[in-house]
Amino acid sequence: MPGGGRRLEQGKTWTMNQPAGTTNGQIWARTGCNFDSAGRGECKTGDCGRVLECHASSQHPATLVEYTLNQNINLDFYDISLVVVEGFNMPMEFSPTSSGCRGITCTADINGQCPNELRTPGRGSCQTGDCGGLLQCQAFGQPPNTLAEYALSQFNNLDFFDISLVDGFNVPMDFSPTSGGCTRGIKCTADINGQCPNELRAPGGCNNPCTVFKTDQYCCNSGSCGPTLLSRFFKERCPDAYSYPKDDQTSTFTCPGGTNYRVVFCPPDIPSGMTDQLLLV
């Protein structure tokens, strides 16, 4: 779309002047959008890389207008497309306003009558730990998020597991073996969100300083770094968890290969008062 995109309130219009010879033009609507003042955010349908001003094609489903201007024998070609991967997200009309040409519409209740096998599952967004607006993640979560990490049947047939706060903290967690004679579980159940330093606070969570400041001091980009005042905030409250990238000595745990594990979010022994807070975020 020329101009990239903008918010349109109900009943408002946006006039775009296209040069003769334009090819492969596209216009689509996005729905369920939320953007910050810098134009970063996302939409539930029609998203284009999590930016307000699009520089890429839409993410399906999205009702799509296509046009090519002043082509063979000086004709414009235009259509509304629901094919390939686009699908449908909202009704649309595409009509000429001069020359007496015929307009086209797609205004049926396609969303309401959509066959079950074509319905878009799991599109939305999460305040913390979001993974591209999907219910079933295909990528890592967006900080802040408490993270359980594991590598199974590695050196000497050992499993390695940890809880990491290198991506920050969003909910209390317990990560424990349930078999193999391994009894040493780990947890992070402190009220980190409630006590989070102001410079690390985020909606629904507490950022790690690497996420906020992005410096070698906190991110260990050079491969050599140590604990900081801010990383100690996490370590003092969750001594078993990674508080910065090189926090291996006190934060990596092992069990024999083949052990089963259980990850519990918001375990029952979290401090009094945290449950209400977690239900609200």
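**A walk through the model, starting at Thr 215**

Select Thr 215: leaving out residues up to four places away in sequence, Thr 215 touches Cys 220 and Asn 221 (contact here means heavy atoms within 4.5 Å). What you have open is a predicted model, where local features need pLDDT of at least 70 and side-chain atom pairs count only at pLDDT 80 or more, while totals for chains, interfaces and linings use all residues. Numbering runs from 1 along each chain as its sequence is written, and side-chain values use heavy atoms, with hydrogens and water left out.

Stay on Thr 215 for a moment. Its place is the loop between helix 3 (209-213) and helix 4 (216-219); helices (H or I, at least four residues) and strands (E, at least two) are DSSP runs, numbered from the N terminus. Is Thr 215 buried or exposed? Neither quite: with a relative accessible area of 32%, Thr 215 is partly exposed (buried is under 20%, exposed over 50%, partly exposed in between, using a 1.4 Å probe and protein chains only).

**Zoom out**

Show the whole chain as a cartoon and you get six helices and 15 strands. The radius of gyration is 25 Å, well over the 19 Å that the globule rule gives for 281 residues, so the chain is more spread out than a compact globule. That radius is taken over C-alpha atoms, and the rule is 2.2 Å times the number of residues to the power 0.38. Along the principal axes, the C-alpha atoms fill a box of roughly 80 × 40 × 40 Å. Of the 281 residues, 36% count as buried.

**The hairpin**

Now select 147-164. Strand 8 (residues 147-151) and strand 9 (residues 158-164) run antiparallel and pair over five bridges; pairing takes at least two DSSP bridges between two strands. Click Tyr 150 and look across: Phe 161 in strand 9 stands opposite. The two strands make a hairpin with six residues between them. In that turn, Ser 153 has a phi near 50°, positive though the residue is not glycine. At 43% relative accessibility, Ser 153 counts as partly exposed.

For another positive phi, go to Asn 74, where phi is near 60°. Asn 74 sits in the loop between strand 4 and strand 5 (77-81) and, at 58% relative accessibility, counts as exposed.

**Two cis prolines**

Select 60-61: the peptide bond from His 60 to Pro 61 is cis, with omega near 0°. Pro 61 is in the loop between strand 3 and strand 4 (64-68). Then try 143-144, where the bond from Pro 143 to Pro 144 is also cis. Pro 144 belongs to the loop between helix 1 (110-113) and strand 8.

**Empty space**

Next, the second largest pocket, with a volume of about 680 Å³. Of its 25 lining residues, select the closest to its centre: Arg 40, Gly 41, Cys 126, Gln 127 and Gln 142. On a 1 Å grid over the protein atoms alone, a pocket is an open set of points with protein on both sides within 12 Å along at least five of seven lines, a cavity is a set where a 1.4 Å probe fits but cannot get out, and lining residues have an atom within 4 Å of a point. Points are joined across faces, edges and corners, and a volume is the space filled by probe spheres set on them. The pocket lining divides into eight nonpolar, ten polar and seven charged residues (Ala, Val, Leu, Ile, Met, Phe, Trp, Tyr, Cys and Pro are nonpolar, Asp, Glu, Lys and Arg charged, the others, Gly among them, polar).

Last stop: the largest cavity, about 40 Å³. Its lining includes Gln 217, Tyr 218 and Tyr 244, and has no charged residues.
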